[in-house]
Amino acid sequence: MKIGVRAHDYGKHSIEGLASLLREEGYDGAQLALPKVFEEIDSYEDIRLSHIERIRRAFEKNRVEIPDRSVREYAVETLKNCLLYAKEMGAGVVGTETAYPRLSREERAAWCPYMMDSLMRVMEEAQRIDMKLAIEPVYWHPLADLETTLKTIRMVDDPEHLRLIFDASNLLEFPET
């Protein structure tokens, strides 16, 4: 059994300070409303990739899991904005991987439905503004292999707006630790 907490009940703290505090309090998980819990973030517009990486590292170090809803929502909205920016700049496609951290086999399987949900929402925007999105399979991410990639392409079913980035070196299997 895991015990989690609504982190903003503890007020605003530094990223690393909050992760440490929650671990000291005995929590295994935390719901994060980022502007309500971190001193470094006053609004969702303030969130930067550097914040997300610090949050991930601090919470991972303290073994406090974060339901990824707010982070995923931010990532989806950011990617939608990137599609629009790219279209305005005259670019033909925006490319993305489907995760950031190295995931275990179990984590990749668990993240796959979230990846599909996020991808489908981003594809709605790609279709709306008539922009192409290219996804890149990476062994450590939810889009980890040919089978998952083909399933994803079939589920999206939009050859006009969905593209694939192929970098063979990203598909090499490494021993999992």
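How many salt bridges does the count come to in this structure? In this predicted model, the count comes to 12 salt bridges, and several of them appear in the exercises below.

**Exercise 1. Salt bridges within helix α5**

Task: Describe the salt bridges that Arg 121 and Arg 128 form, and state for each partner whether that residue is buried, partly exposed or exposed.

Solution. Begin with Arg 121, which forms a salt bridge with Asp 117, the closest N and O atoms lying 3.2 Å apart. Next, place the two residues in the chain: both Arg 121 and Asp 117 belong to helix α5, where they are four residues apart, about one turn of the helix. Then turn to accessibility, for which buried means under 20% relative accessible area and exposed means over 50%, with partly exposed in between. Arg 121 has a value of 19% and therefore counts as buried, while Asp 117, at 34%, counts as partly exposed.

Now repeat the steps for Arg 128, whose salt bridge partner is Glu 125, with 2.8 Å between the closest N and O atoms. Arg 128 and Glu 125 are three residues apart in helix α5, so they are separated by about one helical turn. Arg 128 has a relative accessible area of 59% and is therefore exposed, whereas Glu 125, with 13%, is buried.

**Exercise 2. Further salt bridges**

Task: Find the salt bridge partner of Arg 23, and name the residues that are linked in a network of salt bridges.

Solution. The side chain of Arg 23 meets that of Asp 28 in a salt bridge, with a distance of 3.7 Å from N to O. Arg 23 is partly exposed at 23% relative accessibility, and Asp 28 is partly exposed at 23% as well. For the second part, the network of salt bridges links Glu 53, Arg 56, Arg 57 and Glu 60.

**Exercise 3. Aromatic pairs**

Task: State how many aromatic pairs are counted, and work out the geometry of the pair formed by Tyr 10 and Tyr 27.

Solution. The count comes to three aromatic pairs. In one of them, Tyr 10 and Tyr 27 have 6.2 Å between their ring centres and an angle of 80° between the planes, an arrangement that is edge-to-face. Tyr 10 lies in the loop between β1 and α1, and Tyr 27 in the loop between α1 and β2, so the pair ties together parts that are 17 residues apart in sequence. Tyr 10 is partly exposed, with a relative accessible area of 26%, but Tyr 27 is buried, with 17%.

A further pair is made by Tyr 139 and Trp 140, whose ring centres are 5.3 Å apart and whose planes meet at 75°, so this pair is also edge-to-face. Tyr 139 is buried at 5% relative accessible area, and Trp 140 is buried at 12%.

**Exercise 4. Nonpolar cores and a nonpolar surface patch**

Task: Say how many residues make up the largest nonpolar core, which helices supply at least two residues of this core each, and which residues make the nonpolar surface patch.

Solution. The largest nonpolar core has 20 residues, and those with the most contacts inside it include Leu 18, Leu 22, Phe 38 and Phe 59. The helices α1, α2 and α3 each supply at least two residues of this core, and the largest share, five residues, comes from α1. A second, separate core has 19 residues, among them Ala 86, Val 94, Val 156 and Leu 162.

On the surface, Leu 146, Leu 150, Ile 153 and Leu 164 make a nonpolar patch of about 350 Å². Helix α6 gives the most to this patch, with three residues. Leu 150 is placed in helix α6, and Leu 150 is partly exposed at 33% relative accessibility.

**Exercise 5. Two residues and their surroundings**

Task: Compare the places and the contacts of Glu 136 and Gln 127, leaving aside neighbours within four places in sequence.

Solution. Glu 136 is found in strand β4, and Glu 136 is buried, with a relative accessible area of 11%. Beyond those neighbours, Glu 136 is in contact with several residues, including Thr 96, Leu 143, Ile 165 and Asn 170.

Gln 127, for its part, sits in helix α5 and is partly exposed at 38% relative accessibility. With the neighbours again left aside, Gln 127 is in contact with Asp 158 and His 161. Finally, the C-alpha atoms of Gln 127 and His 51, which are 76 residues apart along the chain, are separated by 30 Å.

Methods. Residues numbered from 1 in each chain as written. Predicted model: local features only at pLDDT ≥ 70, side-chain atom pairs only at ≥ 80, totals over all residues. Heavy atoms only, no water. Core = buried A, V, L, I, M, F, W, Y, C linked by side-chain atoms within 4.5 Å. Buried < 20%, exposed > 50% of the residue type's maximum accessible area, 1.4 Å probe, protein only. Contact = heavy atoms within 4.5 Å. Patch = residues over 30% accessible without salt bridge, like charges linked within 9 Å, V, L, I, M, F, W, Y side chains within 5 Å. Areas by Shrake-Rupley, 256 points an atom, 1.4 Å probe, with all protein chains shown as cover. Salt bridge = Lys/Arg side-chain N within 4 Å of Asp/Glu carboxyl O. Phe/Tyr/Trp six-rings, centres within 6.5 Å; stacked < 30°, edge-to-face > 60°.
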